[in-house]
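Colleague: Please take a close look at the interior of this chain for me, and then work outward to the parts around it. I would like one connected account, with the terms explained as you go.

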Amino acid sequence: EKWAEVIAKVTLGSAPMERHLIGAAELLCQDKPKLFPVLLKQLYEEDALEEDAVLEWACEGRSDFTQPSLDEDARAALRGEAEPLIVWLQDDDSDDSDSS
């Protein structure tokens, strides 16, 4: 929370910057994957990450934004831990679509 406003100013709602932020979060959490969805959700709730960036990350797999030092097993573990968050965001997105 303390740094969320600063991080939001850095990303400026830019999809590439948000994807770089997720890549940095992957590295920070690779040894403690259970913290990854907590960090993503907090960044999302503080408007430092948009829903689309998180869902794109979840669907795309390894990309140019994935740090080379993050091996595929670690990335898969992070993705697995983030699954409940991804489902929640997808459900929220479909609820928004239904109400439009």
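Modeller: Helices (H or I, at least four residues) and strands (E, at least two) are DSSP runs, numbered from the N terminus. With that in hand, E46 can be placed in the loop between α3 and α4. This is a predicted model, in which local features need pLDDT of at least 70 and side-chain atom pairs count only at pLDDT 80 or more, while totals for chains, interfaces and linings use all residues. Residues are numbered from 1 along each chain as its sequence is written, and side-chain values use heavy atoms, with hydrogens and water left out.

The largest nonpolar core (a set of buried Ala, Val, Leu, Ile, Met, Phe, Trp, Tyr and Cys residues joined through side-chain atoms within 4.5 Å) has 23 residues, and those with the most contacts inside it are I22, F36, L40, L49, V54, W57 and I86. Two or more residues of this core are given by each of α2, α3 (35-45), α4 and α5 (72-99), and the largest share, six residues, comes from α5. In soluble globular proteins, nonpolar side chains tend to be buried together.

L40 gives a view from inside this core: setting aside residues up to four places away in sequence, L40 touches (heavy atoms within 4.5 Å) I22, L49, V54, W57, A82 and L85. V54 and W57 also appear among the buried residues of helix α4 (residues 51-60), which are E51, A53, V54, L55, W57 and A58; buried means under 20% relative accessible area, exposed over 50%, and partly exposed in between, with a 1.4 Å probe and protein chains only. Just after α4, G61 takes a positive phi of about 80 degrees.

G61 leads on to T66, which lies in the loop between α4 and α5 and counts as buried because its relative accessibility is 8%. Apart from residues up to four places away in sequence, T66 touches E26, G61 and R75.

Back in helix α3, where L39 has its place, L39 counts as partly exposed because its relative accessibility is 26%. Its contacts, leaving aside neighbours within four places in sequence, are with A25 and C29, and the C-alpha atoms of L39 and C29, 10 residues apart along the chain, are separated by 8.7 Å.

C29 itself counts as buried, at 5% relative accessibility, whereas C59 is exposed, with a relative accessible area of 63%. The structure holds zero disulfides (a disulfide is a pair of cysteine sulfur atoms within 2.5 Å), and C29 is in no disulfide, since the nearest cysteine sulfur, that of C59, is 20 Å away, too far for a bond.

Towards the N terminus, helix α1 (residues 4-11) and helix α2 (residues 15-29) pack at an angle of about 130 degrees, with their axes 8 Å apart. That angle makes α1 oblique to α2, where under 35 degrees would count as roughly parallel, over 145 as roughly antiparallel, 65 to 115 as roughly perpendicular and the rest as oblique; the axes are lines fitted to C-alpha atoms, for helices over the stretch in contact, and angles run from 0 to 180 degrees between N-to-C directions. I7, V10 and T11 of α1 meet M17, E18 and L21 of α2 in this contact.

Finally, to return to the loop residue E46, it counts as partly exposed at 33% relative accessibility. The C-alpha atoms of E46 and A4 are separated by 5.9 Å, although these residues are 42 apart along the chain.
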